[in-house]
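Look over the sequence and the fold before reading on. Then use this report to check what you see.

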Amino acid sequence: MARPDYRELAAIFAGGALGSLARAALATLAVPDPGRWPWPTFVVNIVGAFLVGYLTTRLLERLPLSSYRRPLLGTGLCGGLTTFSTMQVETVRMVEHGHWVLALTYTVVSIALGLVAVYLATALVRRVRIR
């Protein structure tokens, strides 16, 4: 049985703490209303998707291999910043309050823009020439 890498776990923990604090700070800007677009969650999820695409591509394809950058920034920071579960709860609340079109639009736009953000970030990293 492999022993856990405690430095890798510490990197994930530190990144997750920073991402979670950033998300919590943004969430205090607006009180969720099931009849309105949940901007804080939407913004952190799209920004997080862009960061995951950028960081993953940059760390794996452009920088020297590091055991702790990806767990710190990708798994930790982006994992703590983004929140698919909150998006799901907000969508269910929209449906419960009869806002079906808003719920469907929010879900589709969140997923579509998240994929576009990852694609654009990856393309951006790959476009830059290595000297």
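Two residues are in contact when they have heavy atoms within 4.5 Å of each other. By that rule, consider contacts in the protein chain between residues at least 6 apart in sequence: 81% of them join residues at least 24 apart. The model shown here is predicted.

**The overall fold**

The protein chain has five helices and zero strands. Read along the sequence, the pattern is α-α-α-α-α. The C-alpha trace spans about 50 × 35 × 30 Å along its principal axes. The chain has 131 residues, and 27% of them count as buried. Its accessible surface comes to about 8,900 Å². Carbon and sulfur atoms account for 68% of that surface.

**Helix α3 and the annotated site**

Helix α3 runs over residues 69–81. Several of its residues are buried: P71, G74, G76, C78, G80 and L81. What do these buried residues pack against? They pack against α1 (6–27) and α2 (39–61).

An unreviewed UniProt entry carries the annotation "binding site" for G79 and T82. G79 lies in helix α3. T82 sits in the loop between α3 and α4 (84–96).

Are G79 and T82 buried or partly exposed? G79 counts as partly exposed because its relative accessibility is 41%, and buried means under 20% while exposed means over 50%. T82, at 23% relative accessibility, also counts as partly exposed.

T82 has contacts beyond its neighbours within four places in sequence. Its partners there are R23, V44, N45, G48 and A49.

**A nonpolar patch on the surface**

Now turn to the outside. F50, L113, V116, Y119, L120 and L124 form a nonpolar patch on the surface. Together they have about 560 Å² of accessible area. Which helix gives the most to this patch? Helix α5 (residues 100–127) does, with five residues. An α-helix has 3.6 residues a turn, so residues three or four places apart point the same way.

L120 is one of the patch residues, and its place is in helix α5. L120 is partly exposed because its relative accessible area is 48%, which falls between the cut-offs of 20% and 50%.

**Three residues side by side**

| Residue | Place | Relative accessible area |
|---|---|---|
| G79 | helix α3 | 41%, partly exposed |
| T82 | loop between α3 and α4 | 23%, partly exposed |
| L120 | helix α5 | 48%, partly exposed |

Find G79 and T82 in the model, the residues under the "binding site" annotation in the UniProt record. Then find L120 in the nonpolar patch.

How values were computed. Residues are numbered from 1 along each chain as its sequence is written. This is a predicted model: local features need pLDDT of at least 70, side-chain atom pairs count only at pLDDT 80 or more; totals for chains, interfaces and linings use all residues. Side-chain values use heavy atoms; hydrogens and water are left out. UniProt positions are given in the numbering used here, feature names are shortened, and annotations may be inferred rather than shown by experiment. Helices (H or I, at least four residues) and strands (E, at least two) are DSSP runs, numbered from the N terminus. Buried means under 20% relative accessible area, exposed over 50%, partly exposed in between (1.4 Å probe, protein chains only). Patches are made of residues with over 30% relative accessible area and no salt bridge: like charges are joined within 9 Å, nonpolar side chains (Val, Leu, Ile, Met, Phe, Trp, Tyr) within 5 Å. Accessible areas come from the Shrake-Rupley method with a 1.4 Å probe; for residues, only the protein chains shown count as cover. A salt bridge is a side-chain nitrogen of Lys or Arg within 4 Å of a carboxyl oxygen of Asp or Glu.
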